[in-house]
Structures are given as C-alpha cells and as structure tokens.
Amino acid sequence: MTTQTTQAKPFNRILLTGAAGGLGQILRETLQVHADTVRSSDISAMAPSRGAHDEVINCNLSDKAAVAALVEGVDAIVHLGGISVERSFEEILEANIRGTFHVYEAARLHGVKRIVFASSNHVTGFYSQDEQIDAHSPRRPDGYYGLSKAYGEDLATFYFHRYGIETVSLRIGSSFPEPRNLRMLATWLSYTDLEHLIARALLASDVGHSVVYGVSANRDQWWNNRHAAHLGFAPQDSSEAFRAKVEQQPALAADHPDRLYQGGAFTAAGPFETPTQTRS
Ligand code: NAI
Ligand code: 15L
C-alpha cells in the first residue's frame, strides 16, 4: 500500500489586489500554487469564485476600513491594484497613494509579513534609452503615476524598518502577451517570466525591501538587476521572437519620446487640467 502525502503550500492565504486587471487575471490562476486560498480583490467586476479556496471580494483601495477588513486572515499580499497609467494627480492620489498606504496599514494591523508591490519602470522613466541603470540609480519619475510608485517603494522601506514587513518592489517593464512597439522590445516582461518573478518575490528569504526590474532576457537591456541577485530571478524569454513583426510598424520621428526615454510616451502624457479647471 502506498501512502500519499500532500506538500503543504508556503502560504495559507494570499491577497491579490487588482485581480480584474490584465496581470491580475493571469496571477489569480498561478498564485494557487503558493497558497491554500487566493483572495482576489478589485474595484471592478471579477470572474466569480470557483470554490472556498478562490475568494472574491470587491473593494475600493481608497476605503481604509474596507481594506483593513480585506486583509484579515491573510499572510501575504500581491498588490497590483491601482491606476496603471498616467492620470490626473487626484485620481492617482486616491487609488495609488492612499490605496497603497491602506494596504500597508492593514498589513501592519493583521501581522502580514510579506508584500509584493507592483511598482513600475516609470519610477525611473526619465532616463535616456542609451543609459543603463540599476535599482540604486537616483529616481527620475516621469509623471504622477511614476511618483506614486516611488511613494509606494518608500512606504515599503518605512514599513520594513519600522515594522519588519518585507517587500519586493517589482519595477515592471511592459508585461503584455507580446511587445507592442519598438520600445517594448527592451522593456517587455513575458507572462512566464512575470510568474517566475512573483514566485521569487514571495518565496526568497530575507528580502528586507528589495527592488527588482521586471524584464525578460531581451537583447537590449536598460536595467541591471545586480542589486536583486539574492532573489534568484532568472528570466528565460526574450522579445527577439517579436522583433521582425514590431519593426514592420511605421518608423517614429527621432524626437518621439518612445525613442528618447526609457519611460517612452509616459514622459509626455498630460497635463490633465486646463487653466480654467485650476481657477478657484
Ligand atoms: P490594470 O489597469 O489592467 O489593472 C489594475 C487593476 O486595479 C484594475 O483591474 C483596476 O480596476 C484596479 N483598480 C484601480 N483602482 C482601484 C481602486 N481604487 N481600488 C481597487 N482596485 C482598483 O493594470 P495591469 O497591467 O494589470 O498592472 C497591474 C499592476 O502592475 C499595476 O499596479 C500597474 O501599475 C503595474 N504595472 C504593470 C505593468 C504592465 O506592463 N502591465 C508595467 C508596470 C507596472
Ligand atoms: C506601466 O507602468 C503600465 O502600467 C503599463 O500599462 C505599461 O504602459 C508599462 O508601464 C510600460 O512602460 O510599457
């Protein structure tokens, strides 16, 4: 007679914010490997629960009490929720700045010890495409969105030193099924490499607050992950498979931001207020 043993999963319950989004829908599936229960949350509608181990809770991250309740019973958080593009400061303030603060406060209240924070390459978007930088390079946010991600990273540093909550901040490049333009040949992160990165960010020990660029093994590399070697992130995919297709797109003018800056068009997005709107 053979005895079957089931391997315990590393986490009891992982909270996934932003579960209705592009990356959230992917990770809702793959996080099941790491936790008995995945609690998926978003302000928008999500696919219904498929059972007791697949919890679904609508929540606006700007509602502090609701976020505190959301985090109860959770032992790790993958925080993707928020505005994911450049928008007005007021929109970014509610979802990304207040929202991320609420997530960290709730983590403190409920004793959560590990957070994976979806930061962004737009924390350093104003570097030129001919520069190579690393996680210690001074930040050059390229808008309110990039500023909100820089704030999230600072929250992570503070909550580690003050409360011992560990975070891996992922400065994700461009994570889509395939690169959409010439710039993304350098910034692309495949979904397979994203899943591997999330696994390392959840499972690596003694991360303190670590910052890692989320990018595949593309030919042109703007970001050096030398300061994140301890995470063991080893991307396998490359955007080269899509180069010929992308290069068929009409050429951009030499001064187009997508050809100048690492943050591409985000460096020129907005402003979103007209002079009339700012008058009191
Ligand atoms: P997405 O925009 O598809 O998903 C974000 C989700 O957050 C949406 O489902 C939205 O409903 C939700 N959300 C927005 N405001 C909210 C609020 N107040 N309360 C609760 N939920 C709210 O974005 P995507 O592409 O899935 O990205 C996920 C995360 O990764 C985002 O934080 C984004 O900034 C970050 N990221 C993504 C990159 C990419 O290439 N996909 C690159 C760099 C960073
Ligand atoms: C981001 O931070 C955005 O969330 C995503 O939609 C992409 O635009 C990506 O950066 C990028 O830089 O391509």
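These legends walk through close-up views of the two ligand sites in a predicted model. Residues count from 1 along each chain as its sequence is written, with chains lettered from A and ligands numbered from 1 in written order. Local features need pLDDT of at least 70, side-chain atom pairs count only at pLDDT 80 or more, totals for chains, interfaces and linings use all residues, and side-chain values use heavy atoms, leaving out hydrogens and water.

**View 1. Who surrounds ligand 1.** There are 26 residues around ligand 1, and D42, L80, S84, Y145 and S175 come nearest (near means a heavy atom within 4 Å). β5 (114-120) is one of the elements giving at least two residues to this shell, as are α1 (22-30) and α4 (144-163); helices (H or I, at least four residues) and strands (E, at least two) are DSSP runs numbered from the N terminus. The largest share, three residues, belongs to β5.

**View 2. Polar contacts of ligand 1.** Here we look at pairs of N or O atoms within 3.5 Å. Oxygen atoms of ligand 1 lie 2.8 Å from a backbone N or O atom of L23, 2.7 Å from a polar backbone atom of L80 and 2.9 Å from a side-chain N or O atom of K149. The protein covers 86% of the 820 Å² of accessible area that ligand 1 has on its own (Shrake-Rupley, 1.4 Å probe).

**View 3. Ligand 2 and its partners.** Residues around ligand 2 include S84, H122, Y145, R183 and F266. An oxygen atom of ligand 2 sits 2.6 Å from a polar backbone atom of S84. On the side-chain side, N or O atoms lie 2.6 Å away for Y145 and 2.7 Å away for R183. The protein covers 84% of the 320 Å² that ligand 2 has accessible on its own.

Terms used: Polar contact = N/O pair within 3.5 Å; in protein donor to acceptor, adjacent residues only side chain to side chain.
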